[in-house]
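Student: I would like a close look at one part of this protein. Please take it step by step.

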Amino acid sequence: MRQDPFGNQGGSRQRRGGGLFGNIRWVVLLGFVIYGGCYYFGNRSVDPYTGEKVLIDSSLDANEEKALGLQAYQEILSQERPVDPNSQIARQVREIANRLIAKVDVVETSLAQEHGLQPQHFARDFDWDVNVLQSDEANAFCLPGGKMAVYTGLIPVAQNADALAVVMGHEIAHALLRHGAQRMAQQKLTQIGQMAGAASGMDAQQQQMMMSAMGYGYLLPYARSHETQADEVGLMLAAAACFNPEEAVPLWQRMSEASGGQAPPEFSSTHPNPGTRIQNLQALMPKALEYRQRYCTAQ
């Protein structure tokens, strides 16, 4: 081993170097915290449907969002098998979608007025399209820009057009509320947090614990709130389009039965549990019936 000609002074200098490195690390961490705060507060806007402040990256415009939705839709259609567009089920699903889409403006305007806001009519530029996909999965989706699909496995669970309209309205609401854009912004904020954790000197286990705490305390409740918002907006769309909103409760009872009661505990899930969801829908029913009376016109 090479001897230090300066005796213990070399060790002393090493400790001072470590202290300097530690100070730099805290400066870097502070920089990430400031950047994260600026990103969070600089990209918040008020959603006209809910009246709540939401996080959406201001650099993501409507055309980019539509392009991302279209790309995802094309990838799904290249892997999934759409049924014949002239089949009875495809025609019925398109009719339901058209009725729901026709009420988007009036529902947005009404909800915005409830919160003392002006509607943004973000969806007027959507290029709506809907397909029915052959699958046993009881599900549906609507991507940014209005690209929609309903899986054939949903049909026997829904049982009727009113219940199917509730599900499709819920999925349309996710696109109207720009939940995809909100999740993208949330992911960016999470990445900033991960970089801050790494810069602070956390080891892998500590970073994992931090992300778990963030997930249970922020990310999962955030996702559940999206589902609750989509339930409300979707229910109002279905009611305004002359569907029976009261079919929402038995629908979710059937959805719970179809899942075999295998849903995870609510605190660890991105979705409210069926009981919570049904309670929320029951509380919204008087408002939905009012929307049906006010906006339902002859179809």
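In which helix is E108 found, and what surrounds it there?

Tutor: Keep in mind that this is a predicted model. E108 is found in helix α4, which covers residues 104-114.

Start with its burial. E108 is buried, yet it has no salt bridge. Which side chain of opposite charge is nearest to E108? That is R124, 6.7 Å away. A salt bridge needs a side-chain nitrogen of Lys or Arg within 4 Å of a carboxyl oxygen, so R124, at 6.7 Å, does not make one with E108.

Now look for another polar partner. A polar atom of the E108 side chain lies 2.8 Å from the backbone nitrogen of Q120. So the partner atom here belongs to the backbone of Q120, by a distance that falls within the 3.5 Å cut-off for a polar contact.

Next, list the neighbours. Leaving out residues up to four places away in sequence, E108 touches P48, Y49, P119, Q120, H121 and F122. Q120 thus appears in this list and also supplies the backbone nitrogen.

Compare a second helix. M184 is in helix α7, which spans residues 179-199. M184 is partly exposed, because its relative accessible area is 40%, whereas E108 is buried. Beyond four places in sequence, M184 touches L60 and L68. M184 and L55 are 129 residues apart in sequence, but their C-alpha atoms are 9.3 Å apart in space.

Two loop residues are worth a look as well. Q159 sits in the loop between α5 (154-158) and α6 (161-176). Its phi is near 75°, a positive value in a residue other than glycine. Q159 counts as exposed because its relative accessibility is 57%. R178 is in the loop between α6 and α7. The phi of R178 is near 60°, again positive in a residue other than glycine. R178 counts as buried, because its relative accessibility is 15%.

Finally, check the confidence. The protein averages a pLDDT of 83, and 76% of the residues score at least 70. Over residues 1-17 the pLDDT is below 50, and this stretch has two contacts in the model beyond near neighbours in sequence. Residues 214-220 also stay under 50. For that stretch, the model has 16 contacts beyond four places in sequence.

Methods:
Residues are numbered from 1 along each chain as its sequence is written. This is a predicted model: local features need pLDDT of at least 70, side-chain atom pairs count only at pLDDT 80 or more; totals for chains, interfaces and linings use all residues. Side-chain values use heavy atoms; hydrogens and water are left out. Helices (H or I, at least four residues) and strands (E, at least two) are DSSP runs, numbered from the N terminus. Buried means under 20% relative accessible area, exposed over 50%, partly exposed in between (1.4 Å probe, protein chains only). Lys and Arg count as positive and Asp and Glu as negative; His and the chain ends are not counted. A polar contact is a pair of N or O atoms within 3.5 Å; within protein, one must be able to donate a hydrogen and the other to accept it, and residues adjacent in sequence count only if both atoms are side-chain atoms. Contact means heavy atoms within 4.5 Å. pLDDT is the predictor's confidence in each residue, from 0 to 100.
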